[in-house]
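User: Please take a close look at one polar side-chain pairing in this structure, and then place that pairing in the wider context of the chain.

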Amino acid sequence: MESFFPGLMAMNELRSHLRDVCVKHYGVATWELVNAAFQSRPQPYVAWGNPLFPRLAFPGTVVQCGALSGTVLRLPVRPPRRQGRQANKPFILLGLPSALPILAMGMQRGGRYKVLDMCAGPGGKTVLTGWHSPFSHVTANEILCQRRWRMQHTLADYLRNGQYSISSLDGVHFGRLCPGQFDRVLLDAPCTNDRHLFHNLPTPEQVRRLEDDASDVQRLLLGSALSACRPGGVVVYCTCTLDLAQNDRVVDSVLRLPGHTPATVEHTALPEFAHRHLNIIPTQYGYQVIPTPHSNWGPFYLCTLRRHPDLPTWQPPRT
């Protein structure tokens with residue numbers, strides 16, 4: 001059987017590994033829900049409306065928080081086509097949890113903030129940030145060329161000139177090159193992405209290496225994000241995995257840096273629509289969105305940190 005169905009064997013081994021990770025952290029009952037969600041229909045989308053256009057009239061449940069307004073779609077909808085003008089698309093299709101980190105940054109309506117989206121590609125959360133705080137300036141950073149190319153087109157489709165700038169730095173070096181320059185930093189960190197892995201064919205050994213490498217990079221990125229944030233500013237850290245090694249343990253390791261405490265965890269209140277539509281559980285430092293067949297969003301992890309004023313400039317190890 002192994003020689004005739006190598007893909008099936010690899011998929012079964014991979015899912016067994018994901019099951020072991022989920023059961024270890026959240027229990028058998030949670031894994032059964034996650035497994036059923038991953039094997040059911042694809043996760044739904046929300047059509048988030050561009051504030052420059054009239055309110056959308058899609059059939060579905062409307063979610064509203066601050067300047068962000070969207071509709072949880074009941075029927076498939078094609079993404080809008082670009083007509084050759086700046087910021088001319090009326091809506092963007094994203095998952096419901098994508099709005100949580102933008103709201104967690106705690107930006108007041110009408111405020112002018114310097115925001116860094118450290119790993120911004122392909123740009124969806126940058127768009128929501130620009131819509132939620134239209135007088136702020138967002139630096140959208142993406143080191144990977146293909147993702148940066150997609151992000152450039154996405155931002156041109158949805159945001160006005162002057163709302164954003166694009167950079168291509170390695171996020172690990174932002175804390176050293178731009179210390180204390182941003183009021184808010186969003187770190188949607190590279191991770192193993194459980195939903196993507198569930199439907200692809202890396203071996204469990206490759207996944208374990210990915211997990212180890214990811215957590216090392218995530219620690220460097222989070223430390224850099226805290227240094228790039230001004231004293232008293234806010235850093236939001238998020239991933240798309242259930243693995244505690246890439247979530248709470250990354251935060252814990254950065255909070256325990258020798259010689260100082262770099263930040264304070266803020267358990268920000270989640271908006272009402274999040275509790276109504278998402279399966280959310282609190283963790284030691286943040287929140288975990290766990291997919292279920294009836295709430296097929298995520299996985300998604302979120303943690304909010306407020307930087308202390310005495311944090312020295314982040315110095316990543318030399319390679």
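Analyst: In this predicted model, the side chain of Asp 157 makes a polar contact with the side chain of Lys 89, at 3.2 Å. Asp 157 is found in helix H5, which spans residues 145–158. With a relative accessible area of 8%, Asp 157 falls under the 20% limit and therefore counts as buried. The acidic residue Asp 157 thus combines a buried position with a side-chain partner, Lys 89.

As for the surroundings, 54% of the 319 residues of the chain count as buried. In soluble globular proteins, nonpolar side chains tend to be buried together. The largest nonpolar core here has 43 residues, and Trp 48, Leu 128 and Trp 131 touch the most other members. Helix H3, residues 99–104, gives the most to this core, contributing 5 residues. Leaving aside residues up to four places away in sequence, Leu 128 touches Trp 48, Leu 68, Ile 92, Leu 94, Ser 98, Ala 99 and Ile 102. A second core, separate from the largest one, has 28 residues, including Met 118, Leu 221, Leu 255 and Cys 303.

Regarding the chain as a whole, there are 10 helices and 13 strands. Of the contacts between residues at least 6 apart in sequence, 73% join residues at least 24 apart. The accessible surface of the chain comes to about 15000 Å², and carbon and sulfur atoms account for 54% of that area.

Key. Residues are numbered from 1 along each chain as its sequence is written. This is a predicted model: local features need pLDDT of at least 70, side-chain atom pairs count only at pLDDT 80 or more; totals for chains, interfaces and linings use all residues. Side-chain values use heavy atoms; hydrogens and water are left out. Helices (H or I, at least four residues) and strands (E, at least two) are DSSP runs, numbered from the N terminus. Buried means under 20% relative accessible area, exposed over 50%, partly exposed in between (1.4 Å probe, protein chains only). Contact means heavy atoms within 4.5 Å. Accessible areas come from the Shrake-Rupley method with a 1.4 Å probe; for residues, only the protein chains shown count as cover. A nonpolar core is a set of buried Ala, Val, Leu, Ile, Met, Phe, Trp, Tyr and Cys residues joined through side-chain atoms within 4.5 Å. A polar contact is a pair of N or O atoms within 3.5 Å; within protein, one must be able to donate a hydrogen and the other to accept it, and residues adjacent in sequence count only if both atoms are side-chain atoms.
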